[in-house]
Every structure is written in structure tokens, then in C-alpha cells.
Amino acid sequence: MTPVSAPTTSAHALLRIFAGNGLDRVFLVPGESYLGVLDALHDFPDIDVVTCRHEGGAAFMAGADGRLTGRPGVAMVSRGPGAANAAIGVHAAQQDGVPMILLIGQVPCKDLRKEAFQEIDYQKMFGSIAKWVHEVATPQDLAWAAFKALRVATSGTPGPVVLVVPEDVQQACVPQPDWVAVPASPAQPAPATLERLQALLAAARKPLIIAGGAFNAPGGREALRQLAERHGIPVAVSFRQHDLFPNTHPLYAGDLDLATQPAQVAAFDSSDLILALGTRLGDITTQGYTFPAYPRPSQTLVHCHADAHFVNQHFAADVGVIADPVATAQALAALPPAGRAGREDWAASLRAIRERAADWPDPKADDGVPFVSVVRALAEQAPADLMVCLDAGTFAAPVYRHFPFAYPQRLMASQSGAMGYGTPAAIAAQLRHPQSKVVCLVGDGGFMMTGNEMMAAAERGLPVFFIVSNNNCYGSIRLHQARTYPGRHAGTNLASPDFTMMARAFGMQTEHVTRPDQVAAAVARGLASTAPYFLEVKTSLAAILPEGVDSAAGVDLLGRGQPAPHSR
């Protein structure tokens, strides 16, 4: 792509590399430390500039965009405070394994390492969570640094890269290269490995696939389904990867998440062969490194990942496959099916456990609407292309347990568990998929962190459906308090503003629900809206706690003196 005019600054060279490699959108909070890059953006009208209200929101948006495209999402922030605010999004991108580039303006080169105003050593700050941190030394280096940044962000396990650009390297005249990165060919499993896997599949009576985020790639979901159906193998998805395999499929066995039920884990553990494909086998997927048995699983373990760092990192694999999981699944799906006798019963038993766990409950509460009723209404009315963007909190638990995802429906939820992800992710998702229906589910705590980013929806007319669960509490922490320190809940009560008036001030259609019988119609209106739509639900706190009253302490766990919900 060629800019409108033909400037020759180093900032133009940077953006020329970005644009030429398909990076067509940047999320930013402007800052004086990268004015040269901002100026150059003026000459690249095909790069969409999304101006954000907080650097954390910009970084979350970039990570969500990277998840959706497979290309690095780009966030641009100023030095010091801007970079510190953006750190949450870098951490989320690392945890999620999604490609991202964070560009940070920096003090002039002459002031580096002198503790100048707002100076930070970003290698020290981001070195443990970014794949590469590079501070550009000269204007001539800016183009190649940008070129390397996008390659590093997308290679191996995708992740965040931090590119630090001092003020005085942005506006010098330099050559304008047209380098285009060619993706590496996917590593194929060795023929000898496939022969061994074929023998293992033929001998297995109770095989199980644990599918990870590597299948969120072109052809990935199709390859996973073909493999499962070809050999009759049940599929469990790893942490927050629900949309990788149709949840309504007879071979869908459930997910390995924060609240996977013991009966499910026990059934999974009775397998005789585990194909862990495209998953890091991290702590949550493995239920705190207890399934499979640590460090030597009781069943045969095949662990396939493109990144050698993760194979045999925690669990000793009988077959460690350093190869592309999608290519491996495709190769396995091409093998003749063998050993399927009895697998129908095995798959049916896992499916039955999953269906019992996923049955919709019918909770009763007199302190508000149980949020599960909102999720149920959403599931019953969901269009085929619904994108669910989840913030962190107990309100999200019914989505993970009960919502029957089937691609192209998408789940956008960060594995970092960071509050504030939902609203920025919804903006990024709607921008990237303007024809899909995007729903943001967020609690009152998370909404107050990054809810201001919904201004982008109002400004651009993005038809995001925002649903805020308001129980005047940091509910997830209150739940842990109730379990661990009954009756003692310092710090978790919340006083909230009138959210619907707030959204109305942003120019949105709004409504407020206080009773379960209002939910279905309100959800229908939000889904049908072609403009931004905001729904606040006064939700039950009692419904998420183990018990409403701690009988041993005789204390009301809901909290005496809790702020009263605002009235309309």
C-alpha cells in the first residue's frame, strides 16, 4: 500500500511495513512522545485509527483484534503512564496467545537512561510477558524493527511484542522498504510419528481429545471436527475455547475450565489415550496440574504443539509432537479409522455428563434477577453469527457452563481473567465483523473500568448490544470471601451510578430490567437493534453465593449497609 503522498520519514517507513502486511487498524491514545507517528498516520487513510479513552482499553482492543484476524493487533500509547496503563493488555495477549504489537513513544535518545521525565526501561518492564521488547536506536532501524515485530508476534506461540520508539527517531528521511513477511509453512508430523499415533488410536478404547487455541486458525475447526468424527473421539476444549467445536455435537464432551465438575474430570481421567492438540496444558485446563496426573499421566499422552517450549514442559508425553496442530489433525483425519468398537458408548457417557452439567437451572431470588436467566434468553434467541464478548466475573459463569456455542458463533473471553476486557473486545469485534451481532456481557465492576470505550460504538454507530449485570458488588471476590471467610466481606461492596442514564448520555438506546419476566423481551429488543443498545439488569447477589446466610456465624452474607440499587 502506498500513502497518499510520498513522504520519506522513518514513521512513514514503519507504517508502510504495517500496511503492506495487512495491519489495517490501530487503537491508540495519543501522546506527545509519538507525534511523528501520529503525523504519518494522516498519510495512510486506509489504516483505520480508533481513538480510545484509556490505554488499557486500546491494548485490550488490539489483543481482541489479533485474536480475530491472526495478524498483530496494534496499540499505540505514549511513554510512562500510557505504557503502564497498557500493560494489562500486553499481559492478556500473552496469556491468550494472540498476536499484538504495542508501540510506545519514548524520550529522546539523548535522554535515555537518565531517569528523564516519564522514562521507563521497557525491557525490564515487559521482558517477562512480551515475546520481544525492542527500543529503536536510529531512524534507519525503524522499518526493520516493525518488520521483525510482526514476524515475532505471529511465530510459534503468537503473543505481544513491544516496540519502543524514541521521539527523535520518528521523522528523519529514510528509505521506504516494501518488505512483506511470508508465513512459515506449517510443520508437518513425521511419517514415523503418524505410524505410532495410528497404532495408539487402533488400540485405544477410551480416547479423548483436548483441543486448544491453535485451532482458532483457518481450517482449524474443520480439521478438529474431521478428526473427531473420523475416529469417533470425544472432544474436550481447553480453557475458554468453547467455540472450537460445536457444543451441540454428540462428540462434544465439555470444557476444562475454572468450574469443571468433578464428575466430568473423573470421567476424563478414565480415558486410556489423551490427544492434547494445540493446548499448552496450563494450570486451569489441567485443573491445577491434577488432570492428567502430574508429572506422569496414567494414560498414554500425546502432546502436539507448534512451540517446543510447551511440549513436555509440565507433563511427560509418551509422544511429543513438535508440529502444527491443525496439520497434525488433518493428517490423523486422513488415516483409516480403526479401533472404534465401543467408542460410541464412551462418547455417549461423556456427553451425558456434559448435558447434565449444562442443564439450565431455575434459580429463585428476591434480591434481583439471577443472571443465568439473561444468558438463557440470549442463548434461546442467539443468531447463528453471535459474538459473545465476556468480561471477568461470576456473571460470566452461566455462559461457560450453559451457552451452546456453534461456530460461526464466537466466544471472546480473555484467559488472563482481567476485568475490563469485555467492552473493548466488543468494540474490536464489531469493527472487524460489522455484519455479525456482537453482545458484550459485563459486570458493574468491570464496566466502570473500561465502559467509557463504548463511546466508539456511539460515535461510529456500531450496533453492539451491551448488557451490564449490576449487583452492587465485586461478586467474584465476594463469592471467595463467602467460602473462605464467611460473614467477612471488606472491600467488595460497590456504589454504582445510574448506568442507563450514563449510556443515554453517550447517545444510546437504553433500558433497565429488574424482574425475570422482563428479560426475554429486553434481550429480543437488544438483539434486533441496528444501533448501539444498552441493557442494565439488576442482578441477584444471593444467586451467586453458596448460601444467603452463614448459619454458623449468623451473618447476612449480602452485607448489611450495602448500597441500595438506584431507582428509575
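**Exercise 1. Determine in which sense strand β4 and β6 pair, and over how many bridges.**

Solution. Start with the strand bounds: β4 covers residues 100-106, and β6 covers residues 160-166. Strands here are DSSP runs of E with at least two residues, helices are runs of H or I with at least four, and both are numbered from the N terminus. Two strands count as paired if DSSP finds at least two bridges between them. β4 and β6 pair in the parallel sense, over 7 bridges. One register point is Leu-102, whose bridge partner in β6 is Val-162.

The model is predicted: local features need pLDDT of at least 70, side-chain atom pairs count only at pLDDT 80 or more, and totals for chains, interfaces and linings use all residues. Residues are numbered from 1 along each chain as its sequence is written, and side-chain values use heavy atoms, with hydrogens and water left out.

**Exercise 2. Find which helix joins β5 and β6 in a β-α-β unit, and state its hand.**

Solution. Strand β5 (residues 132-135) runs parallel to β6 and is joined to it by 4 bridges. Within this pair, Trp-132 stands opposite Val-161. Helix α6 (residues 142-154) completes the unit, which is right-handed. Right-handed means that, with the strands pointing away from the viewer, the path from the first strand over the helix to the second runs clockwise.

**Exercise 3. Classify each face of β6 as buried or exposed.**

Solution. Buried means under 20% relative accessible area, exposed over 50%, and partly exposed in between (1.4 Å probe, protein chains only). In a regular strand the side chains alternate between the two faces of the sheet. On one side of β6 are Pro-160, Val-162, Val-164 and Pro-166, and on the other Val-161, Leu-163 and Val-165; all are buried. The count for the strand is 7 of 7 residues.

**Exercise 4. Describe the largest nonpolar core and where its residues come from.**

Solution. A nonpolar core is a set of buried Ala, Val, Leu, Ile, Met, Phe, Trp, Tyr and Cys residues joined through side-chain atoms within 4.5 Å. The largest has 56 residues, and Phe-27, Leu-102, Phe-126, Phe-466 and Phe-534 have the most contacts inside it. Helix α3 (residues 55-69) gives the most, with 7 residues. Domain 1 (10-166) and domain 3 (371-544) each supply at least three residues; these bounds come from an automatic or database domain assignment. Apart from this core lies another, of 36 residues, including Ala-11 and Ala-145.
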